[in-house]
Amino acid sequence: MSAEQGASPGPDGGGTPAEDGVHAAGRPENSFRDNQQRVGHGMAFMGGVQGDVYYLAGTELLDDDVTEKIIKPRLREGPYPADEVRKRLCGFVEPPSYLRCRKVLDRRVLVMRAGGGTGASTAAFALLAERYGADGITGLDSMENPAVWRPKGGRGYLLQGLSQAAADSLGEVALTSLGDLLRRSGAHLVVTVAKETQLPADTLPWQVRHLPPSPGEVAAKRLQTMAESGDLTGAQLNDALEHLASREFTDYLGAHPLPDDGVDVADGLREAVVTGTSAASVLDDLLVGSASAARAALAEARHSADDLSLMAAIALLSRQDRTVIEQFTAVLRPLIGERAGPRPGSELPERADVLGPAFEDRLEAVGARPLPTEFGSTSRYRFPVQPVAFSGRHRADALLRHLWLEHEGMSELLWKALDALPYQPGIDLTAGRAIGRVLTHATGPSTLRQLVPFAASDRRWRRRLVAFALGELVQHAVLAGAVREQLRQWSRARSGLVRCTVAETCAGSYGLARPAAALKLLDAVLDGPKADAERSLRTAVSFALGALLTEDANHTLVFDKVAEWLESEQGTPRHTLAAHVVESMSLSTFPQPGTSGTRRVSLADVMVEHPGQALNLVILALDAPSAHEATVQRLLQIEGDPALRRRTAFAPFLSALSGMAREHRGVMRFMLRRHRHRTSTPPEGFAS
């Protein structure tokens, strides 16, 4: 509130009647006429305050408690972390075509033709890990053309989902030339190709048709791996293998021949032998999660808005608390009811059931159940949660996919119900990933347009939902190009909120899979028109940088980008954000304590792990007025701490820094201040 807004007009209509500083009642009063306060966020007071003050923050400030979980990608463009590769290969079963693939790969290039879900990617990882180890595999952009691509070192390269345009350019000459380049670099390349993709006939010597391993073998190997890791006892393993060899399970796996079917059976049998439930229930759960079972369930519920809304709620928000399911059901039910219109004779009968069935009875009617109570948490408190889920494996995904894609108008109703739902912890993650999995089965060029309203929302949880959905979509090689183009367009949008969604997407599987591309997007996000939500934009970009820093391999790219932003004009969003990063690392860490991030980096950490980049960052930060003081204080603290001084090799760092003093005024100011700090003597009687 300004002083003028709180002033009472005098007789002449201008100012207070006590402009000489004396109140009308004779009490002295302070004059604030010449005082000015400028507050970017929050509030400010002038003068004394009596009683309580209530300040209601805007929704932007209240909407920070969202799900900031960082999802690791399955598909990467760049080096794969060794622990991820080992996890993928845990329980690997060699497929029938493996020996043939290994022999063809001796020619340096292998083209694997495979159907979806047949385990071709896992086999490719195994082939490359044999030659280069778990830490020697690099993923390539799915849009890359092997005919013009060049290896950058002696590693194993993996290109998943070769495009038809790139396939058309391949041939005997191109593959022979590529093989020579790989041989000189000491590298190998495996390319996976969908069976629908057409390849030139002269590429046959490099092609192998991938055959999936038996799902029974996959299940048995997975159970043995569980026993080796201590998840199963020897007796439990024997029981599970005995069930697996029974006729019921062999018949089921005979009709479901993919490796993932074997994984599902193994996971189900583990749960059965550990909890003591019957093996028959495992097959029941698997069967009710099939596409045909989903169609039958929806057909049975088509005349009941109650059942249909409850099924949709559980499918979209699986494993959310029962209160969240009830809320969403209550919002969706009338929307579904409107589709049918008023029913004749729908007035209440004389003895109407106004209480309705119990919630657990309703769950049982649609094939769902409450799970054991867990504990969830926000940034401020913990709370009990009773998750709700369908009884069958994959039933939620199957129901949501059919409801969303096969029934006209239902997706719009689900979006409308989500929009009306108040935020509940975890719904952005759960609903976003569920929608992303559904959209991987959608067709047409406008698939991603339905995300736009939530991408432009002023509520952060809705933007996070879109980020999680895009993170799921981009894990599919054939869809990665569409997601990349959509994010490129959004990064240049006039709306700052849409650009926030781009940054939020970079703070997850998309950014970790493509760190260089993500930093280019963040560059464009900050370089866009003046944002209508600058605070949200800074928060989203900071979160994205923190997410990238969770993996050590990205540190060089991130710190190079921060240095680039520091060199931009002072006062621009780029410079302001970069100064914030360096200031945070100087004062404590980036991300700051209390914010999301599993890896926090201090200035001392950068000096130890990346001394060259640390020197560049410090020089630029000392030249930046907004980061100068914090950087100076931290450097003086490091020099004054013997352990930190040794850890950071401060002496050579300081020598290199002093050599730049002539060209950088901020460095000169630091050196002079350091000299005064070291040579100043405490007054007598005041020992330091």
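Author: Let's start with a rule: two rings of Phe, Tyr or Trp, taking the six-membered ring of Trp, count as a pair if their centres lie within 6.5 Å. Please keep in mind throughout that this is a predicted model. With that rule in hand, Trp 404, Trp 415, Tyr 423, Phe 454 and Trp 461 form one aromatic cluster.

Reader: How many aromatic pairs does the rule give?

Author: The count comes to eight aromatic pairs. A pair of rings is described by the distance of the centres and the angle of the planes. Take Trp 149 and Tyr 157: their ring centres are 4.9 Å apart and their planes stand at 70°, so this pair is edge-to-face, given that angles over 60 degrees earn that name. Both of these residues, Trp 149 and Tyr 157, are buried.

Reader: And charges next to rings? Over which ring does the charged end of Arg 462 sit?

Author: Over the ring of Phe 454, at 5.8 Å from the ring centre. You have met Phe 454 already, as one of the members of the aromatic cluster. There is another case to look up: the charged end of Arg 107 sits over the ring of Trp 206, 4.4 Å from the centre of that ring.

Reader: Let's turn to empty space. How many cavities of 30 Å³ or more does the structure hold?

Author: The general idea is that rolling a probe the size of a water molecule over the atoms shows where empty space is left. Here the structure holds three cavities of 30 Å³ or more. The largest cavity contains about 100 Å³ of space. It is lined by 13 residues, and those closest to its centre are Ala 467, Phe 468, Gly 471, Gly 508 and Ser 509. Two or more lining residues come from each of α20 (460–473) and α22 (496–506). Helix α20 gives the largest share of that lining, five residues.

Reader: I'd like to look at a residue of α22. Is Leu 497 buried or exposed?

Author: Leu 497, which lies in helix α22, counts as buried because its relative accessibility is 13%, and the limit for buried is under 20%. Leaving out residues up to four places away in sequence, Leu 497 touches Ala 455, Ala 456, Ser 457, Asp 458, Arg 463, Asp 532 and Ala 533. One of these partners shows how the fold brings parts of the chain together: Leu 497 and Asp 532 are 35 residues apart in sequence, yet their C-alpha atoms are 7.1 Å apart in space.

Reader: How do I check that a helix such as α27 has the span it should?

Author: You allow 1.5 Å a residue, multiplied by one less than the number of residues. Helix α27 has 15 residues (573–587), so it should span 21 Å; the C-alpha atoms at its ends are 21 Å apart, which agrees.

Reader: Which residues of α27 are buried, and what covers them?

Author: The buried ones are His 575, Leu 577, Ala 578, Ala 579, Val 581, Val 582, Ser 584, Met 585 and Ser 586. Their cover includes α24 (515–526), α25 (534–548), α26 (555–566), α28 (603–609), α29 (611–623) and α30 (625–640). Try Ser 586 as an example: its relative accessible area is 4%, so Ser 586 is buried. Apart from neighbours within four places in sequence, Ser 586 is in contact with Leu 603, Ala 630, Thr 631 and Arg 634.

Reader: What can you tell me about a residue in α28, Asp 605?

Author: Asp 605 is found in helix α28 and counts as buried because its relative accessibility is 14%. Not counting residues up to four places away in sequence, Asp 605 touches Arg 600, His 610 and Arg 647.

Reader: Last topic: the backbone. Where is the place of Arg 319, and what is its phi near?

Author: As background, most residues other than glycine have a negative phi, and most peptide bonds are trans. Arg 319, in the loop between α13 (305–316) and α14 (322–340), has a positive phi near 70°. Ala 649, in the loop between α31 (642–647) and α32 (650–658), also has a positive phi, of about 50°. Arg 319 is partly exposed at a relative accessible area of 48%, and Ala 649 is partly exposed at 39%.

Reader: And which peptide bond is cis?

Author: Look at the bond from Phe 590 to Pro 591, which is cis with omega near -5°. You will find Pro 591 in the loop between α27 and α28.

Definitions and conventions: Residues are numbered from 1 along each chain as its sequence is written. This is a predicted model: local features need pLDDT of at least 70, side-chain atom pairs count only at pLDDT 80 or more; totals for chains, interfaces and linings use all residues. Side-chain values use heavy atoms; hydrogens and water are left out. Helices (H or I, at least four residues) and strands (E, at least two) are DSSP runs, numbered from the N terminus. Buried means under 20% relative accessible area, exposed over 50%, partly exposed in between (1.4 Å probe, protein chains only). Contact means heavy atoms within 4.5 Å. Rings of Phe, Tyr and Trp (its six-membered ring) pair if their centres lie within 6.5 Å; planes under 30 degrees apart count as stacked, over 60 as edge-to-face and the rest as tilted. A charge sits over a ring if NZ of Lys or CZ of Arg is within 6 Å of the ring centre and within 35 degrees of the ring normal. On a 1 Å grid over the protein atoms alone, a cavity is a set of points where a 1.4 Å probe fits but cannot get out, and a pocket is an open set with protein on both sides within 12 Å along at least five of seven lines; lining residues have an atom within 4 Å of a point. Grid points are joined across faces, edges and corners, and a volume is the space filled by probe spheres set on the points.
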